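Work through the exercises below with the sequence and coordinates at hand. Each task is followed by a solution in steps.

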Amino acid sequence: MDWQFESPELWAFLGSLHCGEILSGTVAAVERFGVFVALDDGPGHPTLPGVGFITIPELSWRHIDAPTDVVKVGQRVSCEFLQFDTHNAEARLSLRALQPDPFQAFADRTVVGQTLHGTVDKVLPFGVFVDIGDGVVGLVPLKEIHGKPPAGPPEGFQTGDEISVVITDIERPQRRVFLARSEDDRHADAQPAR
């Protein structure tokens, strides 16, 4: 559809927005793929529930299972304008941009070598993901578990296990944390000699 011709008022409104601008509105629809927002100062959209749209990753810094974990229809929201989606004639928005980033706060107060307690989130063939609090999940690579090159999937870990880990690296730009199992935790698993 040629939005510029079909809906010139909508096109002009979207073209007037600037990246980083704060927009307010009401959640008009929650779908499995994102959230539509009816913007306070914007015109209606001829085919969509709202002229603003928030993708799943832009709803929250934390992992969510569904958009309804964050917003509900009728809820008032303030969002940062990211870009003008000319294909769908909508304003792409970010709700999380106006919230403090828990990863950066974690990285500010945590140092390499620090021991933390966490909960096993996932066990995968290449390592174990551990929830270390505040929505931050780190990876214990397989080589850190066995102390040698990987020979198979990690053993002795189950989702929900409480373990002690040591921070081995924090990569701020990639938002990644690497961990090793703490010596105390390894010794706790050792069976006493009989």
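A salt bridge is a side-chain nitrogen of Lys or Arg within 4 Å of a carboxyl oxygen of Asp or Glu. The model is predicted, and side-chain atom pairs count only at pLDDT 80 or more.

**Exercise 1. Overall make-up**

Task: State the secondary structure content of the chain, the share of buried residues and the share of contacts that join residues at least 24 apart.

Solution.
- Step 1. The chain has five helices and 10 strands.
- Step 2. Of its 194 residues, 37% are buried.
- Step 3. Take the contacts between residues at least 6 apart in sequence; 58% of these join residues at least 24 apart.

**Exercise 2. Salt bridges across the chain**

Task: Examine the salt bridge between arginine 96 and glutamate 58, and then the one between aspartate 40 and arginine 76.

Solution.
- Step 1. In the pair of arginine 96 and glutamate 58, the closest N and O atoms are 3.5 Å apart, and the cut-off is 4 Å.
- Step 2. Arginine 96 sits in the loop between strand S5 (90-94) and helix H3 (102-109), and glutamate 58 in the loop between S3 and S4, so the salt bridge ties together parts 38 residues apart in sequence.
- Step 3. Buried means under 20% relative accessible area. Glutamate 58, at 18%, is therefore buried, whereas arginine 96, at 21%, is partly exposed.
- Step 4. For aspartate 40 and arginine 76, the closest N and O atoms are 2.6 Å apart. This pair links distant parts of the chain, 36 residues apart: aspartate 40 belongs to the loop between strand S2 (34-39) and strand S3 (52-55), and arginine 76 to strand S4 (residues 76-85).
- Step 5. Aspartate 40 has a relative accessible area of 41% and is partly exposed.

**Exercise 3. The other salt bridges**

Task: How many salt bridges does the structure hold, and which residues are linked in a network?

Solution.
- Step 1. The structure holds eight salt bridges.
- Step 2. Asp85, Glu90 and Arg92 are linked in a network.
- Step 3. Glutamate 171 pairs with arginine 176, with 2.6 Å between the closest N and O atoms. Glutamate 171 is buried at 18% relative accessible area, while arginine 176 is partly exposed at 39%.

**Exercise 4. Barrel and first core**

Task: Give the strand order of the barrel and describe the largest nonpolar core.

Solution.
- Step 1. Five strands close into a barrel in the order S1-S2-S3-S5-S4, with mixed pairing. From one strand to the next the twist averages 50°.
- Step 2. Strand S1 (residues 22-31) and S2 run antiparallel and are joined by six bridges. Within these strands, alanine 29 stands opposite phenylalanine 36 in S2.
- Step 3. Helix H2 (residues 8-16) lies across S2, S4 and S5, at about 95° to S4.
- Step 4. The largest nonpolar core has 22 residues, and Leu14, Leu39, Ile54 and Leu93 have the most contacts inside it. At least two residues of this core come from each of H2, S1, S2, S4 and S5.
- Step 5. Leaving out residues up to four places away in sequence, leucine 14 touches Val51, Phe84, Ala89, Glu90 and Ala91. Another core, of 17 residues, lies apart from the largest one and includes Phe106, Val136, Val140 and Val177.

**Exercise 5. Helix H3 and the hairpin**

Task: Which residues of H3 are buried, and which turn residue of the S7 and S8 hairpin has a positive phi?

Solution.
- Step 1. The buried residues of H3 are Pro102, Phe103, Phe106 and Ala107. Viewed down the axis of H3, they fall within an arc of 135°, so they line one face of the helix.
- Step 2. Among the elements that cover them are strand S6 (115-124), strand S9 (162-171) and strand S10 (176-181).
- Step 3. Strand S7 (residues 127-131) and S8 pair in the antiparallel sense over five bridges, and valine 130 stands opposite glycine 138 in S8.
- Step 4. Four of the five residues of S8 (residues 137-141) are buried, so this strand is largely enclosed by the rest of the structure.
- Step 5. Five residues lie between S7 and S8 in the hairpin, and glycine 133 in the turn has a positive phi of about 100°. Glycine 133 is partly exposed, at 24% relative accessible area.
- Step 6. Glycine 133 and phenylalanine 106 are 27 residues apart along the chain, and their C-alpha atoms are separated by 8.9 Å.

Key. Residues are numbered from 1 along each chain as its sequence is written. This is a predicted model: local features need pLDDT of at least 70, side-chain atom pairs count only at pLDDT 80 or more; totals for chains, interfaces and linings use all residues. Side-chain values use heavy atoms; hydrogens and water are left out. Buried means under 20% relative accessible area, exposed over 50%, partly exposed in between (1.4 Å probe, protein chains only). Two strands pair if DSSP finds at least two bridges between them. Axes are lines fitted to C-alpha atoms, for helices over the stretch in contact, and angles run from 0 to 180 degrees between N-to-C directions. Contact means heavy atoms within 4.5 Å. A nonpolar core is a set of buried Ala, Val, Leu, Ile, Met, Phe, Trp, Tyr and Cys residues joined through side-chain atoms within 4.5 Å. The arc is that of the directions from the helix axis to the C-beta atoms.
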